[in-house]
Amino acid sequence: MVFIGMDHGTTGISFGILDSDGQVLEVFKISREDSKSGKVSAIDEISKRVDLEDIELMVITYAMGDGFDKIMPIENVENRGIISIGGAGKITGGGTSVYSEIENSDIPVVMIPGLHKDSEFLDPLFKAAYSHHASPEKVSIVYNAYLETKWENMIVADISSNSVNLLVENGKIKGAIDACCGAMGIVHGPLDLEMIRDIDEGKRSANECFSHAGAIKIANIDNKVSLMKDDLLKLYEEGDENAILAIKSMIMTVAMEIAGLIAVSDGIDGIVLTGSMGSMKNPVDFEAELNKYFKNQYEMKIISSESGAIGAAQIARDIYNGKKDILGIEVQM
């Protein structure tokens with residue numbers, strides 16, 4: 001008896017495998033390019049690790065997840081759970097092919113929705129302010145953080161290709177600030193005035209701006225999304241002034257966003273850091289750098305950078321065992 005979780009991430013698609021006792025057996029990732037080209041099959045990769053008949057439930061995330069607001073079986077979700085693929089960052093088609101493979105398999109599959117204006121469980125003030133708050137894998141990240149820390153009230157900071165910070169109160173997601181609105185990530189970031197002018201003047205599309213608005217904008221990096229983090233860190237270690245400024249700026253914007261969420265909370269137990277950058281200690285210690293702003297006022301905990309896939313598998317296990325609510329989101333089976 002095993003449970004699978006899938007994180008539809010920016011740089012690749014990750015899978016977490018959990019046994020019935022809650023032990024993480026393995027986490028593995030396939031690149032979007034390999035999936036799209038047919039070089040790698042998600043189902044084949046899973047079957048190399050577990051017997052497909054032993055999978056009791058699989059939980060997946062896909063794209064923005066803004067076309068539904070409850071956790072439900074894949075066959076009950078229309079249009080893959082999205083309103084439009086536009087505005088979602090760089091599109092490679094790798095995630096689409098993985099979705100099709102899973103949809104056409106005999107594995108029982110449940111989908112997690114994103115956080116958006118039609119999500120009944122979110123605070124109405126957040127829904128009024130933002131049309132979209134976070135994509136579905138952020139829900140599984142928060143669930144993993146919740147199980148790891150047992151904190152009922154917290155900020156979960158996922159700092160990676162993009163940075164999304166989420167507010168949890170009384171064990172439920174209250175709201176979040178999406179990548180295009182607030183803090184910088186490595187690749188994605190908020191659209192500022194200069195970018196809005198470029199869009200109006202037809203120089204770049206909004207999606208092109210969004211996909212070059214993170215730290216890479218400051219460090220003058222333009223490469224494949226999967227390589228941008230390594231490019232940035234290499235320049236940082238070499239003492240490149242722009243790369244140093246880029247990372248410092250990114251950390252500042254994350255601190256600003258976390259502080260803003262704390263300001264509108266009823267108080268928090270702590271801050272959870274995750275993502276490829278948020279969980280990093282070397283060459284950048286994100287926890288230490290963020291604490292320079294918060295001056296050790298809040299306890300910080302780091303969870304696995306693979307928390308999206310792990311959390312999705314944990315959700316699969318708990319739904320299989322009868323859980324009807326995940327962080328305020330109704331399970332509709």
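Q: Leaving aside its neighbours within four places in sequence, which residues is H133 in contact with?
A: This is a predicted model, with residues numbered from 1 along each chain as its sequence is written. Local features need pLDDT of at least 70 and side-chain atom pairs count only at pLDDT 80 or more, while totals for chains, interfaces and linings use all residues; side-chain values use heavy atoms, with hydrogens and water left out. Taking contact as heavy atoms within 4.5 Å, and skipping those sequence neighbours, H133 touches L115, H116, K117, L122, F126, K127, V164, A176, I177 and D178.

Q: Is H133 buried or exposed?
A: H133 sits in strand β8, residues 132-134; strands are DSSP runs of E, at least two residues long, and helices are runs of H or I, at least four, numbered from the N terminus. Buried means under 20% relative accessible area, exposed over 50%, and partly exposed in between, using a 1.4 Å probe and protein chains only. Because H133 has a relative accessibility of 0%, it counts as buried.

Q: What distance separates the C-alpha atoms of H133 and A179?
A: Along the chain, H133 and A179 are 46 residues apart. In space, their C-alpha atoms are separated by 8.3 Å.

Q: How many residues of strand β9 are buried?
A: Strand β9 covers residues 154-159. One side has M154, V156 and D158, the other has I155, A157 and I159, and both faces are covered. The buried count is 6 of 6.

Q: Which residue in β10 stands opposite I159?
A: Two strands pair if DSSP finds at least two bridges between them, and β9 has 6 antiparallel bridges with β10, residues 163-169. The two make a hairpin with 3 residues between them. Opposite I159 you'll find S163.

Q: In β12, which residue is the bridge partner of D158?
A: β9 also runs parallel to strand β12, residues 270-274, joined by 5 bridges. There, D158 is matched with T274.

Q: Which are the edge strands of the open sheet of 6 strands?
A: The order here is β3-β2-β1-β4-β6-β5, with mixed pairing. An edge strand in this sheet pairs on one side only. That picks out β3 (24-30) and β5 (72-73).

Q: Which residue in β6 stands opposite I60?
A: Strand β4 (residues 55-60) and strand β6 (residues 109-111) pair in the parallel sense, over 3 bridges. Across from I60 is M111.
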